[in-house]
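Thank you for asking me to look over this model with you. My notes are meant for someone who is meeting the structure for the first time.

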Amino acid sequence: MKSQSSYTSTSKGVDDNSDIKKLFFDFLAIWPVVLLLVLAFLGVAYYINQTTTPAYQVQATIVIKQDKNAASKELFESIGLKTTSDNMENEISIMRSFTLAYNTLKQLDFNVEYYREGLWRKVEIYNSLPYKLEVDWNHPQLIEGELFVSFINPSEFKISFKKSAFALYNPASPDQKSGALVPKELKGKFRLNTWIEGKNYRFRMVRSETPDAKLKDFSFKLRSNYSLAVSYSRALRVEPQKKESTILSLSLESSMVEKGKKYLNKIIEAYQDRELINKNRTATNTAEFINIQLKSIQDSLMYFEDQLQRYRSDNQSFDVGAQSNLALSRLATLEDEKSKIGLKLKYYQNVLGYLQKEQINQLTVPSSVGIEETVLDQLINELITIQNDRLRLNQFLSDDNRTLKDLNFRYTTVLNTLKESIRRAYETAKLSYADVEKRIGTMSGDLNKMPKVERNLLSIKRQFSISENIYTYLLQKRDEAEISRASNIPSSEVLDLARPMGGMITPKPIRNYCVAISLAFILPLLFIFVRNMFDNKIYDSKLLEQRLKVPLVGSIGRSRQNVNNIVFEQPKSFVSENFRNIRASVPFLHSGDSSLVIAFTSSVSGEGKTFCSINTAAIYALGGKKTLLVGLDLRRPKIANDFNLHNDKGVSNYLSKKCDLGSLIKASGRENLDILLSGPVPPNPAELIGSANFGAMMQELRMHYDVIILDCPPSGLVSETIDIFGESDLTFFIFRHQFSDWDAVDNINDLVEKGLIKKTYAIYNDLKLSADYGYGYGYIYGDEESKPSLMRRLKEKVPFVN
């Protein structure tokens, strides 16, 4: 089947305009359906607006200082990885990471969500209940499902599950949860401050800090920090305010503005804490190492101090001479050197242990504990930097990435180099330690030659002095590490604390109502458009006239009467006027003075050729012309029923037997109009019409009648119609509105091109005034409505359809 869009026209604008007009008036014809759709979709939009949980956008902003991660940026660029604004992508990845979200939520009270029943939906409430739930998260818990609390009195309540589906949280594996569970109902009454405990739950209800809140039933859900972290890390949006900007905007969609604000402020705080921990890691590790050394030295210092006091007391404040003091000073210097070398050995042993376990974050640089090793300082700092960059890149690069592989290779190289350097330094320190011990031994031998009392006092003073010097030295280094740690500040600064941005973002009532109304209009239009694309019926008289190769002489409106002879029944109707207009056009189409023969045909049966034949004959008869209506559709005769006649004889009798023609003509009961019926259906109508008898019959009829109207068979279905055209003066081809196919236009155009028909004209039949796109009238005559239809008046007011 061809669509109307497949036909071409000499004026494309006419086609497009006709399609638009048809679409417009087809749409107006179903306005009650559109109105119902508008009401229905508005109802759906209202339901969506009422039942959708509102969501609001909460936003905070922070600025990352320009020098942040400068070394990291240099490393990233050196390995060919694109960076923007001091590697802002990495900071964004950190802020949106699961780990940061998890650490943030551990500091918040989001594990219990409270709800109340509203008119249309459940409403979440936060910090406004007179009671709150305390949950033992070291015990297995039922999470995700909803539990309902019904109060009996202010101190007693019941809990029900109402067949909610739950997951099981296991504190031993917090990152996992079981499948759906439907626990048994909790029976009995429960009191405040009493633990409600079972195999898979343990919690209690306590009074909150809002005792003035009204007591109402509510429901709650338990959520694990792990599942919350997954949700919040996905929901958080972090993006630069401008390209290459170091100001980051953190936004979150939340149904609870207060919770959204609290989360954003807390995650910024957790981000800054994480940054400070990384910055202070070296100072912290140094302080921990020194504290361990101080504990052992402090015990020695106290021991030797007590021993010195007792010795002096026992020997009545005995003191040594100047020579002994000089020897003691030299020995103390050697002991101090030995202690420092021993500190080095302990440091190297610790570093080697951390390197063997690859605990890079536990390393401290030698200079922080007073060890001057420039090469080791550089290697440890480089290894820590590479390790931090590896951790950053692992968040958004796969293990197969070439950049990450290069970084891992550098890490292995630096690690091995550092291990070898530490081993060499350790061996060198051991040799130095042995040399100092030897020198101390020699000096001690000289002291042994002194008197016993003096020698013992020197020994005690020496041990005390060594411990005191080392203790003071370590205290100084610890203070330096603490000062370094206290002086560190985050590289990020909060510009704006979290606050709601604008109003509710979902649902959007106005948008939903607009979408509802749009759908109510678009869906019918789309339906009509698709239907029209596959509709091959003729619907526009102007478009029909544009595509025909024969003139269109007039249009016949749709009759409201269930009769064919409308001209006789209602001579003042608009349909009768249509036929008068066609009759008035005939003198311009045929100028002969003899009798006039007009043939009516169509492409297929049902297009109204018999209706037009009868009423055209009636118009001529009423005008005083002696008129004969001839039924030439020998296969499907129809005229007899319209005049209450019996089709017992007619044209088929004459053509087959050549009987008296006058005896076959019947009176119609109307003045000036006679009827020649088609007669009994013959077995060979085409041969009869094509015989010489048909020409003789037409010659004899011309001698007795002024006008002869021929009701012909469809030209598209039978062959004898072409023979009839040869005997007619005018041929009217009938097209019926929204019934005839555009193929009928091709049919008549083909006949014209082949020269098989001449003096042929078209009539557009059964035109509905409410859908008239071309010809027709805006008024009705006689006993029918006296003013134009609403559709016609609308057409006159709409510019593009005229």
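The numbered points below take up a sheet, a single valine and the enclosed cavities, in that order.

1. Please keep in mind throughout that this is a predicted model, and that every value below is computed from it.

2. The open sheet is a good place to begin: four strands, in the order β13-β14-β1-β15, are paired in antiparallel fashion. At its edges lie β13 (237-240) and β15 (492-506), each of which pairs on one side only, and from one strand to the next the twist averages 20°.

3. Within that sheet, strand β1, which covers residues 55-64, runs antiparallel to β15 and is joined to β15 by eight bridges. To find this pairing on screen, look for isoleucine 62, whose bridge partner in β15 is valine 494.

4. Is valine 586 buried or exposed? This residue of helix α15, which spans residues 574-589, counts as buried because its relative accessibility is 4%, against a cut-off of under 20%. Beyond its neighbours within four places in sequence, valine 586 is in contact with Leu596, Ile598, Tyr620, Leu730 and Phe732. Of these contacts, leucine 730 is 144 residues away in sequence, yet the C-alpha atoms of valine 586 and leucine 730 are 8.5 Å apart in space.

5. As for enclosed space, a search of the whole structure finds three cavities of 30 Å³ or more, and the largest of them holds about 50 Å³. Its lining comprises five nonpolar, three polar and three charged residues, among them Gly631, Asp633, Lys638, Leu677 and Asp711.

How values were computed:
Residues are numbered from 1 along each chain as its sequence is written. This is a predicted model: local features need pLDDT of at least 70, side-chain atom pairs count only at pLDDT 80 or more; totals for chains, interfaces and linings use all residues. Side-chain values use heavy atoms; hydrogens and water are left out. Helices (H or I, at least four residues) and strands (E, at least two) are DSSP runs, numbered from the N terminus. Buried means under 20% relative accessible area, exposed over 50%, partly exposed in between (1.4 Å probe, protein chains only). Contact means heavy atoms within 4.5 Å. Two strands pair if DSSP finds at least two bridges between them. Axes are lines fitted to C-alpha atoms, for helices over the stretch in contact, and angles run from 0 to 180 degrees between N-to-C directions. On a 1 Å grid over the protein atoms alone, a cavity is a set of points where a 1.4 Å probe fits but cannot get out, and a pocket is an open set with protein on both sides within 12 Å along at least five of seven lines; lining residues have an atom within 4 Å of a point. Grid points are joined across faces, edges and corners, and a volume is the space filled by probe spheres set on the points. Ala, Val, Leu, Ile, Met, Phe, Trp, Tyr, Cys and Pro count as nonpolar, Asp, Glu, Lys and Arg as charged, and the others, Gly among them, as polar.
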